[in-house]
Structure formats: structure tokens, C-alpha cells
Amino acid sequence: MIMHRACSGPAPWHVKQKAYDTAVRLPSLHVPLFKGLLAGYHDVYGDREPTAAPAVLARLQLPADTPHLPELRSVLAEGRRNHYLSPQTWHDAVRASTD
């Protein structure tokens, strides 16, 4: 139930915030929560909260080799809400992570 709400969309960030705050306290949900944040970033209706989303991501204990982790950290650190509002930012983050 928690992850269904946390990964469901489209929904404004404030609607999902409580589920995210609960999920971040449960290490077994960190990978699914990351996948939800990543999918939400790439969703056409995605709307990450510029200060809250990076804070949630920073609290997740993820394997260092988690695919797209550096890119998501980068775009969220820049305050990007979703891929469609600034698509070049994601491409730049991918390029930077492979250099």
C-alpha cells in the first residue's frame, strides 16, 4: 500500500510526501522508492519538489552501482522538476556520469 501510493502518479508532490517519508524509514523500500522517484522524474506529468526530492533521495541507502542514481542526483540538485521541462539537463547528466 505504501509504495503503491508513493509510486503512483500523476499526483502532486504534497500528496505523495507522507508516503515517501514513511518509505524512507524502511530500508527494504529504498530501491522501489528510488525507482518511483526516477519514473516520476521522467513522467510527462512528473513534478518533483525542488528541495524535498533531493532530500528524500539523499536519505536512501542504495547500492553505489544503482543505474541512473548519479544522473537523478544531478538533475534534482539543479532543481529540475521533470525531464520534459528541461530534457537537455538529463542528457548532460548522463554524459557527465560516463566521462
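The following paragraphs describe the fold, the nonpolar core and several individual residues of a predicted model.

The secondary structure of the chain consists of six helices and zero strands, and the order of elements along the sequence is accordingly written as α-α-α-α-α-α. The C-alpha atoms occupy a box of roughly 40 × 30 × 20 Å when the principal axes are used as the frame. For a chain of 99 residues, a compact globule would be expected to show a radius of gyration near 13 Å, and the value of 13 Å found for this chain agrees with that expectation. Among contacts with a sequence separation of 6 or more, 58% join residues that stand 24 or more positions apart.

With regard to solvent exposure, 38% of the 99 residues count as buried. The accessible surface of the chain amounts to about 5,800 Å², and carbon and sulfur atoms contribute 57% of this area. The charged side chains comprise 11 positive and 9 negative groups, and a distance of 9 Å separates the centre of the positive set from the centre of the negative set.

The largest nonpolar core of the model contains 22 residues, and those with the most contacts inside this core are W13, L33, F34, L37, L57, L60 and L72. At least two residues of the core are supplied by each of the helices α2 (13–23), α3 (30–42), α4 (52–59), α5 (69–77) and α6 (87–98). The greatest contribution comes from α3, which gives five residues to the core.

Individual positions within the helices illustrate two levels of exposure. T89, which is placed in helix α6, has a relative accessible area of 10% and is therefore classed as buried, since this value falls under the 20% limit. When residues up to four places away in sequence are set aside, T89 touches V75, E78 and R80. T22 belongs to helix α2 and, with a relative accessible area of 25%, is partly exposed, because this value lies between the limits of 20% and 50%. The C-alpha atom of T22 is 17 Å from that of P12, and the two residues are 10 positions apart in sequence.

Two loop residues were examined in the segment between α4 and α5. T66 is located in this loop and is nevertheless buried, with a relative accessible area of 11%. The separation between T66 and G46 is 20 residues along the sequence and 21 Å in space, taken from C-alpha to C-alpha. H68 also lies in the loop between α4 and α5, but this residue is partly exposed, its relative accessible area being 38%. The backbone of H68 is described by a positive phi of about 75 degrees, although the residue is not a glycine.

Further loop positions are found ahead of α2 and after it. P10 is situated in the loop between α1 (2–7) and α2, where a relative accessibility of 61% places P10 in the exposed class, because the value is over the 50% limit. The C-alpha atoms of P10 and K35 are 15 Å apart, with their positions 25 residues apart along the chain. R25 is positioned in the loop that runs between α2 and α3, and its relative accessible area of 58% likewise marks R25 as exposed. R25 and R59 are 34 residues apart along the chain, and their C-alpha atoms are separated by 8.7 Å.

Technical notes: Residues numbered from 1 in each chain as written. Predicted model: local features only at pLDDT ≥ 70, side-chain atom pairs only at ≥ 80, totals over all residues. Heavy atoms only, no water. Core = buried A, V, L, I, M, F, W, Y, C linked by side-chain atoms within 4.5 Å. Buried < 20%, exposed > 50% of the residue type's maximum accessible area, 1.4 Å probe, protein only. Helix = DSSP H or I, 4+ residues; strand = E, 2+ residues; numbered from the N terminus. Rg over C-alpha atoms; globule rule 2.2 N^0.38 Å. Contact = heavy atoms within 4.5 Å. Areas by Shrake-Rupley, 256 points an atom, 1.4 Å probe, with all protein chains shown as cover. Lys, Arg positive; Asp, Glu negative; His and termini not counted. Charge placed at Lys NZ, Arg CZ, Asp CG, Glu CD.
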